[in-house]
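Please find below a short note on the model under review. The points are numbered so that each may be answered separately.

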Amino acid sequence: MTAFLTIIHSVGLMALATMLYGTVQRKALSRPVRHVIIGGVFGAAAVVMMLEPIPVAEGIFVDLRNLVIGFAAAFTGPIGAAVALVIISCVRFLIGGLGAPYGVIALILSALLGLAWARPSHRDWAEKPRNSILFGVMMTLPVLTILLIPGAPLQRSLAVTATLLGAHIVGTLTFGLFIQRERQIARRERTLADTANHDPLTGCLNRRGFERRLEVMSEAAGAQGAGKAMPAGIAMLLIDLDRFKTINDTRGHAVGDEVLVQVAAVLLSEVRPGDCVARLGGEEFAVILRNVTERDSRRIAERLRRSIEELAIVDGGERVAVTASIGGGHFTRTVPDLAAALPMIDKRLYAAKAAGRNCTVMSEAA
């Protein structure tokens with residue numbers, strides 16, 4: 001009865017870990033952060049399993065810690081594997097005993113085998129059940145380190161290994177499918193969210209994605225303190241293509257779309273990884289420059305304007321002239337409120353248009 005209850009507990013624990021895995025995967029977090037959190041979840045699950053082993057015979061206990069660490073490595077890569085390993089290894093050494101070093105070695109080997117297994121074709125548990133069986137066998141091999149423990153009874157060690165072989169195969173067949181399902185759902189949800197926040201033509205953020213990005217920046221700045229988050233300040237640029245309607249009317253919408261795509265590519269290639277580019281609608285783009293001084297924001301705005309002017313777009317053997325007017329604002333140590341910032345920057349954009357187009361206005365005085 002005790003063994004049955006312990007098995008049910010282990011099954012429930014792995015199911016909970018799988019659910020948490022799916023929940024974290026669906027969050028709008030960076031990949032490394034997701035892997036750190038998931039690694040912590042799997043590490044904690046491995047610790048609980050180790051502390052509550054399954055009795056299979058008199059004096060013989062087994063647990064699925066190696067399988068859990070293998071899953072962490074196979075599905076979260078080196079980051080998740082390292083986090084899970086640190087957690088379980090520390091607890092194992094705290095417990096102590098003659099077998100502690102050998103147990104940790106087995107865990108490290110499980111993680112390395114899981115990393116070696118981490119290829120999409122191998123993780124296709126649903127279509128290729130033989131992969132699950134092979135993975136379960138692989139996760140059992142590190143357990144053979146118990147044969148190296150001085151004085152360990154050979155018969156008992158082999159009994160533990162044989163029992164774990166069956167448990168690992170069943171565990172992989174069951175929970176490998178669950179993890180793959182959660183992974184597919186999370187990937188599908190992230191794809192839908194990405195589609196909802198991006199312009200399909202240019203690949204830039206759309207207005208909704210732009211507003212969401214500003215919200216995330218504002219929350220991060222509030223958590224860290226605005227001065228610490230962006231000590232140099234933040235700049236917002238509005239970029240409007242000059243006489244774009246004329247291009248559409250005289251050369252057709254296909255050429256107009258190509259102009260938008262090329263301009264977006266220039267903007268995306270010119271800004272830094274932490275910055276963002278959005279197409280707010282029509283021929284109007286917005287750029288957020290993070291942690292940038294006012295002087296540098298002016299320089300970057302001018303560089304973007306010149307890069308657009310230098311675009312080599314050809315239609316019917318003729319070069320299509322593309323220029324842009326830019327209005328911008330610099331905000332010291334704070335993330336601007338979009339509703340308040342846009343009217344001000346719009347005025348500067350109109351000033352750039354009134355000044356003859358193809359120029360940059362970054363202040364009221366200009």
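1. In this predicted model, the buried residues of helix α5 are Asn131, Ser132, Phe135, Gly136, Met138, Met139 and Thr140. The helix covers residues 129–140, and its 12 residues should span 16 Å at 1.5 Å a residue. The end C-alpha atoms of α5 are 17 Å apart, which agrees with that expectation.

2. Thr140, buried in α5, is also touched by Thr161. Thr161 lies in helix α6, which comprises residues 154–197. Its further contacts are Val143, Leu144 and Ile146, when residues up to four places away in sequence are not counted. Is Thr161 buried or exposed? Its relative accessibility is 11%, and because buried means under 20%, Thr161 counts as buried.

3. Helix α2 (residues 31–51) has 21 residues. From its first C-alpha to its last it reaches 30 Å, close to the 30 Å expected at 1.5 Å a residue. The buried residues in α2 include Arg34 and His35. Ile38, Gly39, Val41, Phe42 and Gly43 are buried as well, and so are Ala45, Ala46, Val47, Met49 and Met50.

4. Two packed helices are described by the angle between their axes and the distance between the axes. For helix α9 (residues 244–251) and helix α10 (residues 253–270), the axes come within 7 Å and cross at roughly 140 degrees. That angle makes α9 oblique to α10, because only angles over 145 degrees count as roughly antiparallel. On the α9 side the contact involves Phe244, Ile247, Asn248 and Arg251; on the α10 side it involves His253, Val255, Gly256, Val259 and Leu260. By class, this contact has 5 nonpolar, 3 polar and 1 charged residues.

5. What is the strand order of the open sheet? Its 5 strands run β4-β5-β3-β8-β9, with mixed pairing. The edge strands are β4 (276–281) and β9 (360–361), each of which pairs on one side only.

6. Strand β5 (residues 284–289) pairs with strand β3 (residues 234–241) in the antiparallel sense over 6 bridges. Within this pairing, Ala235 has Leu289 of β5 as its bridge partner. Strands β4 and β5 also pair in the antiparallel sense, over 5 bridges. Here Arg279 has Phe285 of β5 as its bridge partner, and Val277 stands opposite Val287 in β5.

7. The hairpin of β4 and β5 has 2 residues between the strands. In this hairpin, Gly282 takes a positive phi near 55 degrees.

8. How many residues of β5 are buried? The number is 5 of 6, so β5 is largely enclosed by the rest of the structure. Strand β4 is an edge strand, yet β4 is mostly covered, with 5 of its 6 residues buried. As background to these strands, side chains in a regular strand alternate between the two faces of the sheet.

Definitions and conventions
Residues are numbered from 1 along each chain as its sequence is written. This is a predicted model: local features need pLDDT of at least 70, side-chain atom pairs count only at pLDDT 80 or more; totals for chains, interfaces and linings use all residues. Side-chain values use heavy atoms; hydrogens and water are left out. Two strands pair if DSSP finds at least two bridges between them. Helices (H or I, at least four residues) and strands (E, at least two) are DSSP runs, numbered from the N terminus. Axes are lines fitted to C-alpha atoms, for helices over the stretch in contact, and angles run from 0 to 180 degrees between N-to-C directions. Angles under 35 degrees count as roughly parallel, over 145 as roughly antiparallel, 65 to 115 as roughly perpendicular and the rest as oblique. Contact means heavy atoms within 4.5 Å. Ala, Val, Leu, Ile, Met, Phe, Trp, Tyr, Cys and Pro count as nonpolar, Asp, Glu, Lys and Arg as charged, and the others, Gly among them, as polar. The expected span of a helix is 1.5 Å times one less than its number of residues. Buried means under 20% relative accessible area, exposed over 50%, partly exposed in between (1.4 Å probe, protein chains only).
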